[in-house]
Amino acid sequence: MKVHVDMSICLLHGQCVIAAPDVFSFDDAGGLVWVTEIDDSQVADAEAASDACPEQAIILG
């Protein structure tokens, strides 16, 4: 599954990092980074992160 974050609406709340730390994280400069292609074992966490995002900036597909 592919993961994308629309950074034009992301406000860096970090709910995705809490929900799916193996998929989302912050870099040393405080920017959001994520795994762009996840395996089946990470799908449930990525979906939880998408649901937790206040801006609904996470796109899974």
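# A tour from Gln 56 to the core

Start by selecting Gln 56, which counts as partly exposed at 46% relative accessibility (buried is under 20% relative accessible area, exposed over 50%, partly exposed in between, with a 1.4 Å probe and protein chains only). This is a predicted model, in which local features need pLDDT of at least 70 and side-chain atom pairs count only at pLDDT 80 or more, while totals for chains, interfaces and linings use all residues. Residues are numbered from 1 along each chain as its sequence is written, and side-chain values use heavy atoms, with hydrogens and water left out.

Gln 56 sits in the loop between H2 and strand S4 (58-60); helices (H or I, at least four residues) and strands (E, at least two) are DSSP runs, numbered from the N terminus. Check its backbone: phi is positive, about 55°, although Gln 56 is not a glycine.

Go next to Leu 12, in the loop between S1 and H1. Leu 12 is not a glycine either, yet has a positive phi of about 60°. Its relative accessible area is 38%, so Leu 12 is partly exposed. Add Met 7 and Phe 26 to the selection: with Leu 12 they make a nonpolar surface patch of about 250 Å². Patches are made of residues with over 30% relative accessible area and no salt bridge; like charges are joined within 9 Å, and nonpolar side chains (Val, Leu, Ile, Met, Phe, Trp, Tyr) within 5 Å. A salt bridge here is a side-chain nitrogen of Lys or Arg within 4 Å of a carboxyl oxygen of Asp or Glu. The areas come from the Shrake-Rupley method with a 1.4 Å probe, and for residues only the protein chains shown count as cover.

Now turn to the interior. The largest nonpolar core has 16 residues, and Val 5, Cys 16, Phe 24, Leu 32 and Ile 58 touch the most other members. Such a core is a set of buried Ala, Val, Leu, Ile, Met, Phe, Trp, Tyr and Cys residues joined through side-chain atoms within 4.5 Å. Strand S1 (3-5), helix H1 (15-19) and helix H2 (43-52) each give two or more residues to this core, and H2 gives the most, with 3 residues.

Select Ile 58 and display its surroundings. Not counting residues up to four places away in sequence, Ile 58 touches His 4, Val 5, Cys 16, Phe 24, Ala 49, Ser 50 and Cys 53 (contact means heavy atoms within 4.5 Å).

Two cysteines on that list deserve a stop. Cys 16 is buried at 9% relative accessibility, and Cys 53 is buried with a relative accessible area of 10%. Why is Cys 16 without a bond to another cysteine sulfur? The closest cysteine sulfur, in Cys 10, is 6.4 Å from that of Cys 16, which is too far. For Cys 53 the closest is also in Cys 10, at 6.2 Å, again too far for a bond. With a disulfide taken as a pair of cysteine sulfur atoms within 2.5 Å, the count comes to 0 disulfides.

Move to Ala 19 in helix H1, partly exposed with a relative accessible area of 25%. Outside its neighbours within four places in sequence, Ala 19 is in contact with Asp 45, Ala 48 and Ala 49. To check a distance, pick Ser 8 as well: Ala 19 and Ser 8 are 11 residues apart in sequence and 21 Å apart in space, C-alpha to C-alpha.

Finish at Gln 42, in the loop between strand S3 (32-34) and H2. Is Gln 42 buried or exposed? Gln 42 is buried, with a relative accessible area of 17%. Leaving aside neighbours within four places in sequence, Gln 42 is in contact with Asp 22 and Val 23.
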